[in-house]
Amino acid sequence: MKKLWSKTNIGTMELPHRLAMAPMTRSRSQEDGTPGELTSLYYAQRASMGLIITEGVQPSDDGQGYLWSPGIYTDKHIEGWKKVTDAVHKAGGYMYIQLMHAGRMSHPDNTPHHRQPVAPSAIAPGVEMFTAKGMQDIPVPRELSEEDIQTTIADFRKAAAAAIKAGADGVEIHGANGYLINQFIGENSNTRTDGYGGSIENRARFAIEVTKAIVEEIGAERTGFHISPGTPLGGIQDGEQGPELYRYLVKELAKLDLAYLHVMHLGNEKLLQDIRSIWTNPLLVNRAGRALEDLSVDIDRGLADLVPVGVWSLANPDLVERLQKGAPLNEADPTTFFGLGSKGYTDYPTMEELESQEG
């Protein structure tokens, strides 16, 4: 893992190694979407990961999908995130806030305005959503008008500006995992017949326009983009044109000179190699279910510049030190991944804490 521990520059950041903390939904914000004190502690504990990419943060009321997920579009949200970024910076880390509009992956019971979810087309994802009343079927969303689309792009722009005002080092645009931008990309979730549907270029258009607006607002050097080719989350199917669409999208995004591209990779090695050849800026590759001993494989092969790590960093606030020393890792508790309180959030012990307990 020698290359894993080499320094690198990404955007405006000087990173101490090639690991990063992957974005993970934790559902622990206050009811109005403001992150609390525990959130500051949680991320600061993991500052040695270098680059921390936050959980998905909604850019508007319409953008919320889950209970207790954070926002970045009110003054209170900005104040809350400022405490988080200050804590991470004080501990020596960097933070990118991930902007995530859930689109149809939502339920009226989970949003402040209790309105119907929105999406590129009025097609339900066919899955259930956790609400305060328990699991409920996600309703058919309202199709966004072209005017609505422009409003949503403006929401992303405002949220990016708010993230920088809150002290973030940049933002990651969530174009993956079945959420709104991915819904425009998906063949079965986007049946529009206007300029945002049909052809490869039209299905990629929303993603590109959101990115251009954010770059214009905060700068390309503070903007990352997240994709998940072939990932069937939220009922999304890319269709036969999927790989070609992603090649086109990556080519267009490359023209914007972004800080990085983040790929959730599920096995199409040819597509990943093509993305690497198209994308000459830093590339983050997260392989689902990757073995610990394979962490540095993509870096060693030149396929990736940074390796985002999810559950291991969730359960081990000192993951970097543990890996460098070959120490055993804490096991993650899946029953505490989502919900309120410190259990399974800020109470995972470091090696030093375990040694003092044993002593």
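**Exercise 1. Count the cavities of 30 Å³ or more in this predicted model, and find what lines the largest.**

Solution. Start with the rule. On a 1 Å grid over the protein atoms alone, a cavity is a set of points where a 1.4 Å probe fits but cannot get out. Lining residues have an atom within 4 Å of a point. Points are joined across faces, edges and corners, and a volume is the space filled by probe spheres set on them. The count comes to one cavity of 30 Å³ or more. The volume of the largest cavity is about 40 Å³. Its lining includes Thr25, Arg26, Glu55, Tyr66 and Met100.

Two notes on the model. It is predicted: local features need pLDDT of at least 70, side-chain atom pairs count only at pLDDT 80 or more, and totals for chains, interfaces and linings use all residues. Residues are numbered from 1 along each chain as its sequence is written, and side-chain values use heavy atoms, with hydrogens and water left out.

**Exercise 2. Describe the largest pocket.**

Solution. A pocket is an open set of points with protein on both sides within 12 Å along at least five of seven lines. The largest one holds about 1,100 Å³ of space. It is lined by 42 residues; Pro23, Met24, Thr25, Asn177 and Phe338 are the closest to its centre. Elements supplying at least two lining residues each include strand E4 (51-57), strand E7 (128-131) and helix H9 (311-315). Helices (H or I, at least four residues) and strands (E, at least two) are DSSP runs, numbered from the N terminus.

**Exercise 3. Work out the order of the eight-stranded open sheet.**

Solution. Two strands pair if DSSP finds at least two bridges between them. The order is E13-E12-E11-E10-E5-E4-E3-E14, with parallel pairing. At the edges are E13 (283-287) and E14 (307-309), each pairing on one side only. Now take one pair: E12 (residues 260-265) and E13 share five bridges. There, valine 263 has valine 285 of E13 as its bridge partner.

**Exercise 4. Which residues touch the most other members of the largest nonpolar core?**

Solution. Such a core is a set of buried Ala, Val, Leu, Ile, Met, Phe, Trp, Tyr and Cys residues joined through side-chain atoms within 4.5 Å. Buried means under 20% relative accessible area (1.4 Å probe, protein chains only). The largest core has 77 residues, and Ile72, Phe206, Phe225, Leu249 and Leu261 touch the most other members. Helix H5 (residues 200-218) gives this core its largest share, 10 residues. A second, separate core has 11 residues, among them Ile10 and Met13.

Definitions and conventions: Buried means under 20% relative accessible area, exposed over 50%, partly exposed in between (1.4 Å probe, protein chains only).
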